[in-house]
Amino acid sequence: DHPLERLLRAPNPTLSQFELLEATFGFLELHGNAYWYLAGDGAPSEIWPLRPDRVRIVPDRTHYVGAYVYMLDGVEIPLHPDEVIHFKRWHPKDDYFGLSALEAAAMASQTDRAMANWNRNFFDVGKAIPAGILTIKSMVSDADFERIKREWLESYGGTQRKTAFIRGTGEIGWQNLGLSQQESDFLEARRLNRDEVFQIFGLPLGLYDKNATQANATVARQTFLSDTIYPKLTRFTQKLTLQLAPFWGSDLLVMPDDVRGNEADLAEVQAARAFMTINEVRARYFNLEAVAWG
């Protein structure tokens, strides 16, 4: 029930804690940056997440960041560096802004989106009829040629595709162009795109693989918690320790719940609570020192 905990539980009149964290980690994954505006005199009384696409950083040779500028309705609002917490992912080519996971996955995600659009158009606008060349094998007059084109487009070129019946002279042939979904290995290509995007975002394939056994899914979930979620929580809470906790003193440490523990160990801890003291549990399972209230 520390003031910092109360602030995080109710960051402002319109956002819950979950919504604040959802916005923060969503911005980090999609944009690479997330910003909190700390409102209040002295210790902050409210936290407001800022849209990263509206934030501009003013560099400073002495203090690294001279100011943050927030653009709202065409108005630039300058913010002091102490009023803003800037969470960011590591970027190898930028000193001030982070690199989003989505940018790293741009090629795979854009390729997959293009494939999805092509597939939709094939069955929607194209009515599942492949592209091709209409060949008139005999010479026809200009008037007949224009008439054939017009009748073909009227009967076969709109969004409501149907069989075309063309009258006129000359033998007409049809040749398909392009590749079908099966010929282009469509489903396998989309699976490869999905797997690449999952890996960039730190999602083990065993979490969603339809062929995964329960054991594989359990290991994948534990890998996800320890290798993906816990590092994100560590980065987040260390930033809070550095820039938010000092408002209430220099000896405060913000730490995440350790989600890396084996589920069997956690179940054992839950069972041990009935007959072990808090200090015994702390010492046996977490290697923590005894506390006065334990």
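**Close-up views of a predicted model**

**View 1. Tyrosine 68 pairs across to strand 5.** The bridge partner of tyrosine 68 in strand 5 is leucine 79. The model shown here and in every view below is predicted. Strand 5 covers residues 75-79 and runs antiparallel to strand 4. The two strands are joined by 5 bridges. Together they form a hairpin, with 2 residues between the strands. Aspartate 73 sits in that turn and has a positive phi of about 55 degrees.

**View 2. Strand 3 meets strand 4.** Strand 3 spans residues 55-60, and strand 4 spans residues 64-72. These strands run antiparallel, with 6 bridges between them. Proline 59 stands opposite valine 65 of strand 4. This is also a hairpin: 3 residues lie between strand 3 and strand 4. Strand 4 thus appears in two hairpins, one with strand 3 and one with strand 5.

**View 3. Tyrosine 64 and its contacts.** Tyrosine 64 belongs to strand 4. Its relative accessibility is 41%, so tyrosine 64 counts as partly exposed; the exposed class starts over 50%, and the buried class lies under 20%. Neighbours within four places in sequence are left aside here; beyond them, tyrosine 64 contacts Val58, Pro59, Lys88, Asp95 and Tyr96. One of these contacts, Pro59, is the residue that stands opposite valine 65. Another, Tyr96, lies 32 residues from tyrosine 64 in sequence. In space, the C-alpha atoms of tyrosine 64 and tyrosine 96 are 9.1 Å apart.

**View 4. An edge-to-face pair, tryptophan 36 with phenylalanine 87.** The structure holds 7 aromatic pairs. In one of them, the ring centres of tryptophan 36 and phenylalanine 87 are 5.0 Å apart. Their planes meet at 70 degrees, so the pair is edge-to-face; that class needs an angle over 60 degrees. The pair links distant parts of the chain, with 51 residues separating the two partners. Tryptophan 36 is in strand 1 (residues 33-39), and phenylalanine 87 is in strand 6 (residues 84-88).

**View 5. Burial of the pair, and the cluster around it.** Are tryptophan 36 and phenylalanine 87 buried or exposed? Tryptophan 36 has a relative accessible area of 0%, so it is buried. Phenylalanine 87 is at 4%, so this ring residue is buried as well. The cut-off for buried is under 20%. Both residues belong to one aromatic cluster, formed by Phe25, Trp36, Phe87 and Phe236.

How values were computed:
Residues are numbered from 1 along each chain as its sequence is written. This is a predicted model: local features need pLDDT of at least 70, side-chain atom pairs count only at pLDDT 80 or more; totals for chains, interfaces and linings use all residues. Side-chain values use heavy atoms; hydrogens and water are left out. Two strands pair if DSSP finds at least two bridges between them. Helices (H or I, at least four residues) and strands (E, at least two) are DSSP runs, numbered from the N terminus. Rings of Phe, Tyr and Trp (its six-membered ring) pair if their centres lie within 6.5 Å; planes under 30 degrees apart count as stacked, over 60 as edge-to-face and the rest as tilted. Buried means under 20% relative accessible area, exposed over 50%, partly exposed in between (1.4 Å probe, protein chains only). Contact means heavy atoms within 4.5 Å.
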